Amino acid sequence: MTTRSFIARPTEAGGYDGIHVHQDGLPSNHLPLLLTAYRYRFNGDLDAMSRHLIDDVTIRWDELGTDLLHHAPKELALALTGGETWPSSQPKNLCTLDGSPPRRMTVTPEATDELEWGYVLHPHGIEVISLDEQQRGPVVGWATDPLSHFSDHPAMWPPTGPAPGRPPRTPPKQSTAPVAKSGSVPASPSRTARR
């Protein structure tokens with residue numbers, strides 16, 4: 001799904017500076033990846049995470065992938081992805097109409113045209129900005145469970161108040177009684193089907 005977003009770091013002037021992400025920019029996709037990456041792949045090193053996600057990008061991200069889940073417990077990665085894997089990707093072989101080299105797609109508060117969501121990486125958490133509704137947003141703390149249910153509705157992310165997310169459901173207790181055989185259960189939609 002093409003939901004354009006950005007990932008940024010805060011600036012001293014109170015704004016942000018970041019990079020464009022072309023696909024899958026909804027909170028339900030980005031927040032679990034970013035929260036897990038911070039905790040496991042980058043071991044709480046926000047500078048290293050920001051360098052990887054913002055500074056080391058040539059033009060923009062096409063999408064963020066499951067490589068951000070490296071070092072996460074297998075059970076967590078499986079719960080987040082359903083077992084699917086896909087790499088973070090950047091565009092290749094781009095050309096411009098006039099033949100000039102493509103320019104890096106940087107994002108600032110003054111340059112968010114056609115973007116729908118923003119994720120600003122603060123020391124205390126991720127500020128989630130619904131650009132259809134506001135210019136700022138609430139912060140989801142780094143300690144938030146990545147399996148939480150995050151709303152994708154823009155109006156649910158006002159800059160004041162708590163971030164809209166429900167803790168994950170606790171799995172039901174396993175029964176020792178035999179289960180009656182039933183018809184097949186449809187599988188959950190794959191990542192490719194959501195696009």
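So, G18 and V107: V107, in β3, is the bridge partner of G18. Two bridges join β2, residues 16–21, to β3, and the two strands run antiparallel. A quick word on terms: strands here are DSSP runs of E with at least two residues, helices are runs of H or I with at least four, and both are numbered from the N terminus. Two strands pair if DSSP finds at least two bridges between them.

Before I go on, this is a predicted model, where local features need pLDDT of at least 70 and side-chain atom pairs count only at pLDDT 80 or more, while totals for chains, interfaces and linings use all residues. Residues are numbered from 1 along each chain as its sequence is written, and side-chain values use heavy atoms, leaving out hydrogens and water.

Okay, back to G18. It is also the bridge partner of A8. Six bridges join β1 to β2, again antiparallel. These two strands make a hairpin with five residues between them, and in the turn G14 has a positive phi of about 95°.

Now zoom out to the sheet. It's an open one with six strands, in the order β3-β2-β1-β4-β5-β6, and the pairing is mixed. Which strands stand at the edges? They are β3 (106–107) and β6 (139–141); each has a single partner strand, so one side of each is left without a neighbour in the sheet. Helix α2, residues 46–55, packs on the sheet and touches β1 (5–10), β2 and β4 (117–122). Contact means heavy atoms within 4.5 Å. The direction of α2 makes about 140° with that of β1; axes are lines fitted to C-alpha atoms, for helices over the stretch in contact, and angles run from 0 to 180 degrees between N-to-C directions.

Next, what's covered up? Buried means under 20% relative accessible area, exposed means over 50%, and partly exposed is in between, with a 1.4 Å probe and protein chains only. Five of the six residues of β2 are buried, so that strand is largely enclosed by the rest of the structure.

Moving along the chain, G25 sits in the loop between β2 and α1 (27–41). Is G25 buried or exposed? G25 is buried, at 0% relative accessibility. Leaving aside residues up to four places away in sequence, G25 touches T3, S5, H30, W117 and Y119. And G25 and E63, 38 residues apart in sequence, are 8.3 Å apart in space, C-alpha to C-alpha.

Then comes α1. Of its 15 residues, 11 are buried, so to speak mostly covered; among them are H30, L33, L34 and Y38. The expected span of a helix is 1.5 Å times one less than its number of residues, so α1 should span 21 Å, and its end C-alpha atoms are 20 Å apart, which agrees. After α1 comes N43, with a positive phi near 50°.

Last, the whole chain. There are four helices and eight strands, running β-β-α-α-α-β-β-β-β-β-β-α from the N terminus. Of the 195 residues, 41% count as buried. For contacts between residues at least 6 apart in sequence, 58% join residues at least 24 apart.
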